[in-house]
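Welcome! Please take a look at the model below, then work through the exercises at your own pace.

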Amino acid sequence: MYRWLVLAFLVGGCASAFPKEVMSTVNTAIGVEMLRPDPLAFKGQRVMVGGDILSTQPRTDETEIELLARRLGSDGAPDRGDQSPGRLLLRSPAFLDPAVYGQGRRVTVIGTVSGVEERKVGDVPYRYPVIQVERIRLWPKDVTLGSDYYYPYGPWPYYDPYYFWPRRGFYPYGWWW
(Lines give C-alpha, C1' and ligand atoms only; values in the text may rest on other atoms or scores of the structure.)
Protein backbone atom coordinates (compact mmCIF):
# COMPACT_ATOMS: atom_id res chain seq x y z
CA MET A 1 0.00 0.00 0.00
CA TYR A 2 2.69 2.48 1.03
CA ARG A 3 4.83 1.62 -1.97
CA TRP A 4 2.12 2.81 -4.34
CA LEU A 5 1.70 6.01 -2.39
CA VAL A 6 5.43 6.72 -2.48
CA LEU A 7 5.58 5.90 -6.20
CA ALA A 8 2.64 8.21 -6.94
CA PHE A 9 4.32 10.98 -4.94
CA LEU A 10 7.62 10.57 -6.78
CA VAL A 11 6.00 10.48 -10.21
CA GLY A 12 3.82 13.46 -9.36
CA GLY A 13 6.87 15.41 -8.19
CA CYS A 14 8.48 15.08 -11.61
CA ALA A 15 5.47 16.40 -13.50
CA SER A 16 6.03 19.08 -16.11
CA ALA A 17 4.21 22.37 -16.53
CA PHE A 18 2.71 21.07 -19.80
CA PRO A 19 1.51 17.68 -21.11
CA LYS A 20 3.95 15.33 -22.85
CA GLU A 21 2.14 15.68 -26.19
CA VAL A 22 2.81 19.43 -26.20
CA MET A 23 6.38 19.06 -24.96
CA SER A 24 7.25 16.58 -27.72
CA THR A 25 7.31 19.37 -30.33
CA VAL A 26 9.23 21.89 -28.21
CA ASN A 27 12.93 22.41 -28.83
CA THR A 28 14.11 22.45 -25.21
CA ALA A 29 17.73 22.93 -26.28
CA ILE A 30 17.00 26.56 -27.19
CA GLY A 31 17.21 28.82 -24.15
CA VAL A 32 17.05 32.56 -23.72
CA GLU A 33 20.86 32.67 -23.65
CA MET A 34 20.82 31.42 -27.27
CA LEU A 35 17.89 33.60 -28.36
CA ARG A 36 19.22 36.93 -27.16
CA PRO A 37 22.20 37.37 -29.54
CA ASP A 38 20.30 36.45 -32.74
CA PRO A 39 16.57 35.73 -32.38
CA LEU A 40 16.06 35.62 -36.15
CA ALA A 41 18.27 32.52 -36.38
CA PHE A 42 15.57 30.64 -34.41
CA LYS A 43 12.52 32.12 -36.15
CA GLY A 44 9.71 29.57 -36.34
CA GLN A 45 11.13 27.33 -33.58
CA ARG A 46 8.86 26.25 -30.70
CA VAL A 47 10.51 27.06 -27.39
CA MET A 48 9.69 27.00 -23.70
CA VAL A 49 10.66 30.07 -21.66
CA GLY A 50 9.66 31.43 -18.30
CA GLY A 51 10.30 34.15 -15.80
CA ASP A 52 8.84 37.10 -13.93
CA ILE A 53 6.32 39.46 -15.51
CA LEU A 54 7.55 43.04 -15.69
CA SER A 55 4.46 44.51 -17.39
CA THR A 56 1.28 43.41 -19.16
CA GLN A 57 -0.32 45.54 -21.89
CA PRO A 58 -3.67 44.40 -23.34
CA ARG A 59 -4.36 45.63 -26.87
CA THR A 60 -7.34 45.21 -29.19
CA ASP A 61 -6.00 42.09 -30.93
CA GLU A 62 -3.39 40.74 -28.49
CA THR A 63 -1.83 41.02 -25.06
CA GLU A 64 1.84 41.87 -24.74
CA ILE A 65 3.89 40.78 -21.73
CA GLU A 66 7.40 42.00 -20.99
CA LEU A 67 9.14 39.13 -19.24
CA LEU A 68 12.34 39.01 -17.21
CA ALA A 69 13.51 35.53 -18.16
CA ARG A 70 14.71 33.00 -15.58
CA ARG A 71 16.20 29.53 -15.92
CA LEU A 72 13.56 26.81 -15.78
CA GLY A 73 13.60 24.05 -13.20
CA SER A 74 12.95 20.39 -13.96
CA ASP A 75 9.20 20.94 -13.52
CA GLY A 76 9.18 23.93 -15.89
CA ALA A 77 8.83 26.52 -13.13
CA PRO A 78 11.06 29.60 -13.34
CA ASP A 79 13.82 29.69 -10.74
CA ARG A 80 13.82 32.35 -8.08
CA GLY A 81 16.94 34.39 -7.67
CA ASP A 82 18.94 37.30 -8.95
CA GLN A 83 20.23 35.73 -12.19
CA SER A 84 18.49 36.42 -15.51
CA PRO A 85 19.54 35.70 -19.08
CA GLY A 86 17.60 38.73 -20.35
CA ARG A 87 14.20 40.07 -21.30
CA LEU A 88 11.59 38.84 -23.77
CA LEU A 89 8.37 40.08 -25.30
CA LEU A 90 5.48 37.61 -25.23
CA ARG A 91 2.49 38.18 -27.49
CA SER A 92 -0.71 36.28 -26.83
CA PRO A 93 -3.82 36.38 -29.05
CA ALA A 94 -5.95 35.94 -25.90
CA PHE A 95 -6.88 38.69 -23.47
CA LEU A 96 -4.72 38.32 -20.36
CA ASP A 97 -5.96 40.51 -17.54
CA PRO A 98 -3.16 42.66 -16.05
CA ALA A 99 -4.72 42.21 -12.60
CA VAL A 100 -4.07 38.47 -12.87
CA TYR A 101 -0.94 38.54 -15.04
CA GLY A 102 0.55 41.38 -13.01
CA GLN A 103 4.04 42.52 -12.24
CA GLY A 104 6.07 39.98 -10.29
CA ARG A 105 3.97 36.93 -11.21
CA ARG A 106 5.84 33.94 -12.60
CA VAL A 107 4.86 32.29 -15.89
CA THR A 108 6.11 29.54 -18.17
CA VAL A 109 5.27 29.78 -21.85
CA ILE A 110 5.41 27.57 -24.91
CA GLY A 111 5.49 29.59 -28.08
CA THR A 112 7.05 30.24 -31.45
CA VAL A 113 9.95 32.63 -31.98
CA SER A 114 8.59 35.28 -34.32
CA GLY A 115 11.32 37.89 -34.49
CA VAL A 116 13.05 40.69 -32.67
CA GLU A 117 12.01 44.17 -31.57
CA GLU A 118 14.28 46.98 -30.42
CA ARG A 119 13.16 49.20 -27.56
CA LYS A 120 14.81 51.08 -24.75
CA VAL A 121 15.29 49.98 -21.17
CA GLY A 122 15.81 53.33 -19.52
CA ASP A 123 18.10 55.11 -21.98
CA VAL A 124 19.79 51.94 -23.24
CA PRO A 125 18.69 50.32 -26.52
CA TYR A 126 17.66 46.71 -25.98
CA ARG A 127 16.85 43.91 -28.45
CA TYR A 128 13.86 41.85 -27.31
CA PRO A 129 13.27 38.39 -28.78
CA VAL A 130 9.54 38.14 -29.55
CA ILE A 131 7.61 34.94 -28.76
CA GLN A 132 4.08 34.21 -30.01
CA VAL A 133 2.38 32.48 -27.09
CA GLU A 134 0.64 29.16 -27.71
CA ARG A 135 0.33 27.99 -24.09
CA ILE A 136 0.92 29.82 -20.85
CA ARG A 137 1.16 28.55 -17.28
CA LEU A 138 0.68 31.05 -14.47
CA TRP A 139 2.36 29.84 -11.28
CA PRO A 140 0.83 30.44 -7.84
CA LYS A 141 1.76 33.62 -6.03
CA ASP A 142 4.71 33.43 -3.71
CA VAL A 143 3.76 33.70 -0.07
CA THR A 144 5.98 35.87 2.07
CA LEU A 145 5.83 35.68 5.81
CA GLY A 146 6.76 38.34 8.31
CA SER A 147 10.29 38.56 9.61
CA ASP A 148 9.23 37.23 13.02
CA TYR A 149 8.54 33.87 11.41
CA TYR A 150 12.15 33.41 10.34
CA TYR A 151 13.74 34.67 13.55
CA PRO A 152 14.61 31.60 15.61
CA TYR A 153 12.59 32.56 18.65
CA GLY A 154 10.34 35.39 17.48
CA PRO A 155 9.75 38.49 19.56
CA TRP A 156 10.99 37.88 23.11
CA PRO A 157 9.66 36.05 25.17
CA TYR A 158 6.57 34.87 23.31
CA TYR A 159 8.20 32.31 21.00
CA ASP A 160 11.26 31.34 23.05
CA PRO A 161 10.66 27.71 24.01
CA TYR A 162 13.71 27.70 26.30
CA TYR A 163 12.91 30.89 28.20
CA PHE A 164 11.76 29.06 31.29
CA TRP A 165 14.21 26.17 30.93
CA PRO A 166 16.65 26.15 33.85
CA ARG A 167 20.25 26.63 32.72
CA ARG A 168 23.49 28.04 34.05
CA GLY A 169 23.36 31.79 34.43
CA PHE A 170 19.61 31.96 34.01
CA TYR A 171 18.88 32.41 37.69
CA PRO A 172 20.45 35.32 39.53
CA TYR A 173 22.90 33.12 41.47
CA GLY A 174 23.43 30.33 38.91
CA TRP A 175 22.35 27.63 41.37
CA TRP A 176 21.05 25.14 38.78
CA TRP A 177 24.48 23.61 38.00
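## Exercise 1: Charged partners

A search of this predicted model turns up 10 salt bridges across the whole structure. Your task: work out which residues are joined into one network by salt bridges that share partners.

**Solution.**

Step 1. Begin with E64, which forms a salt bridge with R59; their closest N and O atoms are 3.3 Å apart. That distance fits the cut-off of 4 Å between a side-chain nitrogen and a carboxyl oxygen. E64 is buried at a relative accessible area of 4%, while R59, with 42%, is partly exposed.

Step 2. Go on to R91 and E62, whose side chains meet in a salt bridge of 3.6 Å, N to O. R91 belongs to strand β3 and E62 to the loop between β1 and β2, so this pair ties together parts that lie 29 residues apart in sequence. Both R91 and E62 are buried.

Step 3. Add the salt bridge between the side chains of E117 and R119, at 2.7 Å from N to O. E117 has a relative accessibility of 22% and counts as partly exposed; R119 is partly exposed too, with a relative accessible area of 27%.

Step 4. Put the pieces together: R59, E62, E64, R91, E117 and R119 are joined into one network by salt bridges that share partners.

## Exercise 2: Strands side by side

Find the strands that pair with β2, and say in which sense they run.

**Solution.**

Step 1. Get your bearings: the chain has four helices and five strands, and along the sequence they follow the pattern α-α-α-β-β-β-β-β-α.

Step 2. Look at strand β1, residues 46-58, which runs antiparallel to β2 and is joined to β2 by seven bridges. One bridge to pick out is that of Q57, whose partner in β2 is E64. A hairpin of four residues connects β1 to β2.

Step 3. Turn to strand β3, residues 86-92: β2 and β3 pair over seven bridges, again in the antiparallel sense. Here E66 has L89 in β3 as its bridge partner.

Step 4. So how covered is β2? Strand β2 spans residues 63-69, and six of its seven residues are buried, under the cut-off of 20% relative accessible area.

## Exercise 3: Rings

Locate the aromatic pair and describe its geometry. Then find which charged end sits over the ring of W139.

**Solution.**

Step 1. Searching the whole structure gives one aromatic pair. The partners are Y126 and Y128, with 5.0 Å between centres and 65° between planes, an edge-to-face arrangement. Edge-to-face is the right term because planes over 60 degrees apart count as such.

Step 2. Check the surroundings: Y126 is buried at 16% relative accessible area, and Y128 is buried at 2%.

Step 3. For W139, look to R137: the charged end of R137 sits over the ring, 3.8 Å from its centre.

## Exercise 4: The whole chain

What percentage of the chain counts as buried, and what is its accessible surface?

**Solution.**

Step 1. The chain has 177 residues, and 33% of them count as buried.

Step 2. Its accessible surface comes to about 12,100 Å², with 57% belonging to carbon and sulfur atoms.

Step 3. To finish, consider contacts in the chain with a separation of 6 or more: residues 24 or more positions apart account for 59% of these.

Terms used:
Residues are numbered from 1 along each chain as its sequence is written. This is a predicted model: local features need pLDDT of at least 70, side-chain atom pairs count only at pLDDT 80 or more; totals for chains, interfaces and linings use all residues. Side-chain values use heavy atoms; hydrogens and water are left out. Rings of Phe, Tyr and Trp (its six-membered ring) pair if their centres lie within 6.5 Å; planes under 30 degrees apart count as stacked, over 60 as edge-to-face and the rest as tilted. Buried means under 20% relative accessible area, exposed over 50%, partly exposed in between (1.4 Å probe, protein chains only). A charge sits over a ring if NZ of Lys or CZ of Arg is within 6 Å of the ring centre and within 35 degrees of the ring normal. Helices (H or I, at least four residues) and strands (E, at least two) are DSSP runs, numbered from the N terminus. Two strands pair if DSSP finds at least two bridges between them. Contact means heavy atoms within 4.5 Å. Accessible areas come from the Shrake-Rupley method with a 1.4 Å probe; for residues, only the protein chains shown count as cover.
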